[in-house]
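The following exercises concern a predicted model. Please work through each task with the structure at hand before reading its solution.

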Amino acid sequence: MEKQTMKKIILATIIVFVAGLAATRFVSIQHETSSGISSVGESTAFAKVKNQDYDLASIVILTRAVSYINNYYYDPKRLVPDEMFEESLQSIARVVPSIMVDFDKEKRIVSVIIEDDMRSFDYSKIDTVWDIPYLIADIFEFIQPHIKNDDIDPKDVEYAAINGMLDVLDPHSLMMAPKLYSELKLSTSGSFGGLGIQIGIREGKLTVISPIEGTPAWRAGIKALDQIVRINDQSTVNMSLEEAVGLMRGDPGTPCKIAIMREGLTEARTYEIIRDIIKVQSVAHKLMPDQTAYIRLTNFQANTADDMRKALLEMKKQGGIKRIILDLRGNAGGLLDAAVKVADTFLDSGTIVSTVGASNQMKDSRDASFLGTEENLPMAVLVDSASASAAEIVAGALKNNNRAILIGDKTFGKGSVQILYDMDDGSALKLTVAQYLTPGDVSIQSVGVIPDLQLMPIYIEDDMIDFYNSDEIRRESTLKKHLVHEATIVEKPFDLIGYLYVKERDDFKPEEGKSESAFTEDFIAQFAFRLLKNLGDTSRREIMLQKSVTYLNDVRKTEEDAVEKKMAKFGIDWTSAAAPKDKTPKAEISVRVSPQETMAAGEKVEITVSVKNTGDSAFSRLWASTTSDYYLFDGMEFFFGKVLPGQSKEYTFKQEVPKDALDRIDETEFKFKGDYDYTPEAFKHEFKVSALPRPSFAFNYHIIDEIGNGDGRIQKNETVELVVDVFNVGEGTVEEGLALLRNEENLKGVFITDGRVDLEPMGPEESSEITFTFKVKPEQEEDILPMRLSIMDNKMREVLSEVLYFRIEAPLILKPAEEQSLAIIPAGTAIYGSTEENGAPMVSRTEADEKLPMQAESDNWVKVQYAEDHIGWIQKDDSFRQTNTGEIAELKPVYSHRPPVIEVMQPTLPFITDAAEIKLTGQASDEQKVSDIYILNNDQKAFYKSNQNSSNINFLAFDSKVKLEEGINHIEIVARESKDLYSVKTIVVFRKKSADTATAEAERGHLDMTD
């Protein structure tokens, strides 16, 4: 009792102290995206915290985070302590596989099970957010001894606990680990120390996407599509982008060596490049004809506004400016101050943005100043669904202040403000502290900024017809726990025009090897250019829209004619018919799938919808689209055009079922649209998919160091061949197999020369031998070399990945064996793939007394040939004997590295059901051991069982009820031999949606259609 009281006093002291701190604030309006391309610059490294160095139960970071959440979170109504506590523990259970949490919500008791230990905790006294740290400290104290020797950083557990609480609040509040926070600061700083190249992974190789003009790499002659094979004498084979960026970043003035392979070179060329300050370009510009300034902003950094003004000045000097196109498409946001400065450049008065905090209390209003304002020229702003956050501030300010016409698609809809609170360990809490309002106190949260002129591409290609549906695009409103605001206004664009997409013109994507911010003259940019020219010198938005009607009608007519002609080539009459008077069309609808109703994984299928008009007037421009939780059946479109009374028309959608598709049944809804309200009723159809047999991998490996001393162990300055024998233990064929060897900890003294090997196709119970090569350099300091071996089938998405720990050891003194010497090997003797003192891998085993050819021996090892072209080692003991005569054995390989086998025991599983839960029973088995089993459903842990105290370590049964969510349930059964070696069996179950859910989704869909 005294211990608990003292703990609460200490925690209360921490909370009071933290609440009074003035946090270091990094104001951002950030929308997270992933481009797959990184820029090379300076990074901040934080030492990895060792397990024993950090007392998890101290909850220093968590306590401080809770203080900020309680004091500064935007919407106190979302601070529901029970939900935050429960999701916090669920998040911990996802990070630590051996933890299971079981909530009795009526009694408000949670049982925490880790391995075979369990403790129950009463959370009935959690009434406020402040109460959460007290109980989590007790839980951390319970679990810390269990993870002490596990490969889990306690701080990752603490970050997970915080992120669990934040998951309840909104999609943008986040606890950022030091590395992630460092990257964020670099991405918004606008400059860093580095070489000046954008890099990406192309066909598995580290490749230059583009050198940044004027940087050291550009001056050194680095070119787009160059392959970087070494960085400072470290091999880049299978190196991650993150690691490569970290190696090339550094202080200005310091050297970095990179070795390049390019077309025409027979060997790598080395460049020593002196790092410099690299300025990230967020502004691209071009002076178009007729003095039209085009400016594209890719994000909002500290230097964006200044760079934009320089671009405007440069274009003025080139020939003057009469009109401006500001392109914010694909701009995911950035710094609030940068957005305000950009908007202020074009506004001489009016509110740019306001922010409101908790209970809608006004916190801040940023107004435009007439100082430094650009001339009031006609202006268009281009936006799309990826224009988010800070980009929406600029777009909303220019639209609502009547300064510019907005053209494109409605924006993402992120109207919240996050502040970053620095933590002492280099991490940061990103917390939603406010929402912003565009001029007129209008919130765009979950709605977006609606363009004045919405332009929708229509794709009519040889193999596809697709009407772009803006409402199917991922936006803020589709994110889980998205925020809402009562100040949102549902509005419609001034006009909406569909246009015929032309691939050569409208692919809004930079070419390989060109800067990401390259200008592309696509339809939308040209539309804006022609519109502004047509409007003359009019610069006020309202007047510009009024004067644009004739131009818009001309464009609409031109595009509709183009669409009708293109549709006619496919036999579809897309001409419009007059609205029916006192008569209505009616329809009979049918769906068929060929070649068979149940689609096979990997099969090309045809889904045909037939419409028969049984009414007394025509359907006009009739088409249907689908909605499904499964991406394969979501967004399919069926085009019928004009369907006269008594006429039948059908349309076939061609689909290829992925080879890795699982057994499943998915409910899919068909909705019809047309010129008028007389369209067929929506209906649902169940599509069935059957899975292919899946491959599965096992392997063994041995070390060949013949380039060294051939003693079967690793020393410095040796080139080592790692020979891996891969075996398909599954029931399916390996079609696109790939094996990778990766330097797990990026050790400076390990250089991989051959680390990527394509596997030959392998049927069930077939094998393939592959060889990797690496060199251990003299400067290697650590004696243990962790190398990750990954074996995969890209078609079936089956992966086996394990870290192999090699050791640098003293050499063996070997003497060659006498000619025709045979080792007499007793039954049950293990053949090893190396002579490592600890952890030598077994590659075969004798089933009877056998004789094998000897090649060499030392005091305690014998080198033997156990099969054709297969060399191994046996350990000597007192019973070792040899001979010169006898029949030589040919041993079979043993694949000691294989994941457990999972069997689900019940004869049938419901792939579609109305039930709220299903029962899963089965078992896992393994020749080495089964450590534990856990079951996840949609990433929530539903079951855990340890095998720690079992009398049979090779077998573990499971029996669990799994609660089902409405819609798709991805149920994963995971059986582990070790942290790295595990197998996963995935089951997909669709739970039919209730009437309330269907109604809510329909209402949400209606809102999306009308906003």
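**Exercise 1: Charges over rings**

Task: Determine which ring the charged end of Arg664 sits over, and at what distance from its centre.

Solution: The charged end of Arg664 is placed over the ring of Tyr630, 3.5 Å from the ring centre. A further case involves a lysine: Lys941 lies over the face of Tyr934, with 5.1 Å to the ring centre.

**Exercise 2: An aromatic pair**

Task: Classify the aromatic pair formed by Tyr459 and Tyr501 and locate its two members in the chain.

Solution: Begin with the total, which comes to 31 aromatic pairs. For Tyr459 and Tyr501, the ring centres are 4.4 Å apart and the planes make an angle of 45 degrees. Centres within 6.5 Å qualify as a pair, and planes that are neither under 30 nor over 60 degrees apart count as tilted. The pair is therefore tilted. Next, place the residues: Tyr459 belongs to strand β25 (residues 453-461), whereas Tyr501 lies in the loop between β27 (495-500) and α12 (503-506). With their positions 42 residues apart, the pair links distant parts of the chain. Finally, Tyr459 and Tyr501 are both buried.

**Exercise 3: Helix α13**

Task: Compare the span of α13 with the expected span, and establish why the helix counts as largely enclosed.

Solution: Helix α13 covers residues 523-535, 13 residues in total. From its first C-alpha to its last it reaches 18 Å, close to the 18 Å expected at 1.5 Å a residue. Now consider burial: ten of the 13 residues are buried, so α13 is largely enclosed by the rest of the structure. Among the buried residues are Phe523, Phe527, Leu531 and Leu535. Just past the helix, Gly536 adopts a positive phi of about 70 degrees.

**Exercise 4: Two open sheets**

Task: State the strand order of the open sheet that contains β30 and of the one that contains β54, and identify their edge strands.

Solution: In one sheet, three strands follow the order β28-β30-β33 with antiparallel pairing. Its edges are β28 (587-594) and β33 (648-656), each of which pairs on one side only. Neighbouring strands there are turned by 15 degrees against each other on average, direction ignored. Strand β30 (residues 604-613) is joined to β33 by nine bridges, and Thr608 has Thr652 in β33 as its bridge partner.

The other sheet has the order β52-β54-β57, likewise with antiparallel pairing. Here β52 (901-904) and β57 (955-963) are the edge strands, and the average turn between neighbours is 25 degrees, direction ignored. Four bridges connect β52 with β54 (residues 917-925), and Val904 stands opposite Gly922 in β54.

Key: Residues numbered from 1 in each chain as written. Predicted model: local features only at pLDDT ≥ 70, side-chain atom pairs only at ≥ 80, totals over all residues. Heavy atoms only, no water. Phe/Tyr/Trp six-rings, centres within 6.5 Å; stacked < 30°, edge-to-face > 60°. Buried < 20%, exposed > 50% of the residue type's maximum accessible area, 1.4 Å probe, protein only. Lys NZ or Arg CZ within 6 Å of the ring centre and 35° of its normal. Pairing = 2+ DSSP bridges. Axes fitted to C-alpha atoms, helices over the stretch in contact; angles between N-to-C directions. Expected span 1.5 Å × (residues − 1).
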